[in-house]
Amino acid sequence: MRVMAQMAMVMNLDKCIGCHTCSVTCKQAWTNRTGVEYVWFNNVETRPGQGYPRRYEDQDTWEGGWKLNRRGRLTLKAGGRFKKLIGIFANPRLPSFDDYYEPWTYDYETLTNAPLQEHTPVARPKSLISGKDMKISWSANWDDSLGGSAATGEQDVLLREVSEKIKLEFEQTFLFFLPRICEHCLNPSCAASCPSGAIYKREEDGIVLVDQDRCRGWRMCVTGCPYKKVYFNHRTGKAEKCTFCFPRVEVGLPTVCSETCVGRLRYIGLVLYDADRVLDAASTPDDTGLYEAQREVFLDPHDPQVIAEAEKAGIPRDWIDAAQRSPIHALINTYKVALPLHPEYRTLPMVWYIPPLSPVLDAVRDTGHDAESHHNLFAAVDALRIPVDYLAQLFTAGDPAPVDAVLRRLAAMRSYMRDINLGREPNDTIPKSVGMSGEQIYDMYRLLALAKYDERYVIPPAHAEQAHKLEELATECSLDYEGGPGMGGAGRSPSGKGGGRRVGGSGPFGEASGGAAPIAVENYRALHDRQTSDTPSPHRQGQPRQPPQLGRQGLPTRPLPTQAVRRRP
Amino acid sequence: MTAPAQPLTLAVEAGTGGILLWVVLPYVVLAVFVLGHIWRYRYDKFGWTTRSSQLYESRLLRIGSPLFHFGILVVLIGHIGGLLIPKSWTEAVGMSEHTYHVSAVVLGTIAGVCTLGGLAILIYRRRTVGPVFSATTRNDKAMYVLLTATIVLGLAATVAANIVGGGYDYRETISPWFRSIFYLRPDPDLMTGAPILFQLHALSALLLFAAWPFTRLVHMLTAPLGYLTRPYIVYRSRDTQLGARAPRRGWERAGQGR
């Protein structure tokens, strides 16, 4: 057993409203530069839809990921080392701007510079590639919310795989949103495809990065990644990809896309896995077995043997604690509601998804039946092959059984919690019918519906706090020292964090004298406290979330916290 | 079949000009080439890339680039065989001058034409495809001039020598001169008698090598041959160095100092 830690993400698709805030903030943070105008480290796709780049899931065309060769050994789908080097002078499988989209800006200057004329001047779109006028005909998000799907919907790669019936019933369509970032795979085929060895997986947290000093721009990683999440910067001639916001994660902050997610649908946490079992899992003969095989690679962070091995492997104690509190571990292995995206690519992706129940709910609701009743929902999950088969194409290589099981669990949670919320007697047969206890259902509900910042993001800081402090020299106020003139007078930080550090806002004559603290200073302080505190969350300090399967002593058999109950008068 | 030396040469005897061209210049170029690469690697690792333009245009590139690159690789192998391996060695293994010459001319001409054809396609593409042209720097243009001149002159020298002069045995003059530079016993007399086209080819190549470390051609030195042997997945530890800057001497963390 070789224990390694992996920073991973789970997204709850039921909550995604497709607002693209994650994409926009990510773009502002990372790809707001020339050369990467067309690049979205985070993008949100409408499903059914083509995705970005167009039809990236069609691996017959793009040859991304791994496959098993005739002897059952794992090989790169686009060919091995020798074939890569032979084809290095012109990559035959590189998506073009036509597949992504040609980035553009508008000629805003005309609006102010145009001479007086009869008609209002128009800012025409200009290509950011050629600088010429262009007709905008595609983008990363062209078929948003099924816009234009009548014309392009048939192009969805997954619809090719599912039954004819789905294609016919496409008119009565369902839709959901799929936010995507780099999967930070356990078996990254981009790294394996890089001739220079510039793409590497970090030992500490498993984040996959491109060493910009070693990348020579051979472009094989773009082909190698089946999710098409490595991009070529056409200005610098280097590959770039999602970094899992490592500078933030290292100090215990969630990624920008998670932090700004309006629906709070993203969860970040650690997973411990056995690196020795990765190759075996990726070589599972049957595509549909890959989901289970990958779950087998993950280790139980509560197992004393795993803890001992992790300590031997040099994983710090607070990281093991974080792995025990990890919402990712809970969603993947405890509640088993999260599924990997396209496990059939055999890269063992580490951004997992809770499939949406909403297509099923909507279908039931449309029939006029009670969409919260577990009888109706279970029956609908069994009957509604359209969303289930489609979701299976996304998450389980086409096997509907695991998707079925997840949707039933989510449906059970809905019905069970409705009884509790309405103050009715909870029906214990509902959890039983999906193989869970009422308490587990409740815990799952807590995690999915109520979990606060510190429960959704359990991110132990990297052990380079000193480095951060050293770097902060440049950004910290040089007048900000005990008794210094920089940060106001006698005030102390109200929470007592950071050793009762001074905060701004208090004048020389005690609290509330002088002017109000500038908002920027307060924000800066709050951020600074969060970045430099010893625990990811001061609120739950030293209170690991207990593993639900162990049960809790002293809790009522029916957990009825006041905020979850609306009692009738 | 050693042909008599052609009458038209740059310098009949190795006078000052000959020494400057065939002794001083090669050593200066060698120094610039080696030190330039070291300098570039130390200070511009980020700029060390192929600067591929495939994203802008791939139809022409797919034909031109492999044609050029494979052509120039064969040309490189030919030059190694012609310049580095002494005539006596090939004769020792029983290869007659005639056999050598014919195979060298045939292979060299095919490879040269491929290279030049590929280069023509690539230059045409670079000039006519808007985004590719606007991504072309002045450095690139200068490099293209030198590269094209060297290839054209080299091909012209071979063709002219074989069509007009019935062949020129550069292994009697140019090759020993080339090797003499590395023995540190440079002999400019060997070069002064060579035909003008060969001399010009050598000079333009020297200029190209001098410019090499400062152009995009550096990508050749990092041809990813290590890919054939390294493990597929690279694991690397987060930088042990704290922060973006190296600690100053005397401020290393305990246990990390040398």
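Strand β8 (residues 199-202) of chain A runs parallel to β1(B), and two bridges join them; strands here are DSSP runs of at least two residues (E) and helices runs of at least four (H or I), numbered from the N terminus. Within this pairing, R202(A) has R236(B) as its bridge partner. This is a predicted model, in which local features need pLDDT of at least 70 and side-chain atom pairs count only at pLDDT 80 or more, while totals for chains, interfaces and linings use all residues. Residues are numbered from 1 along each chain as its sequence is written, with chains lettered from A and ligands numbered from 1 in the order in which they are written.

Here are the two open sheets, where strands pair if DSSP finds at least two bridges between them.

| Strand order | Pairing | Edge strands |
|---|---|---|
| β9(A)-β8(A)-β1(B) | mixed | β9 (208-210) of chain A, β1 (235-236) of chain B |
| β12-β1-β14-β13 (chain A) | mixed | β12 (266-274), β13 (339-340) of chain A |

In the four-strand sheet, β13(A) and strand β14 (residues 351-354) of chain A run antiparallel and share two bridges. There, L339(A) stands opposite Y353(A).

Now to the interior. The largest nonpolar core (buried Ala, Val, Leu, Ile, Met, Phe, Trp, Tyr and Cys residues joined through C-beta atoms within 7 Å) has 151 residues. Buried means 20 or more other C-beta atoms within 10 Å of a residue's own, with C-beta atoms placed from the backbone. Helix α20 (residues 400-421) of chain A gives the largest share of this core, 10 residues. Apart from this core lies another of 16 residues, including L21(B) and F198(B).

Conventions:
A residue is buried if 20 or more other C-beta atoms lie within 10 Å of its own, exposed if 12 or fewer, and partly exposed in between; C-beta atoms are placed from the backbone.
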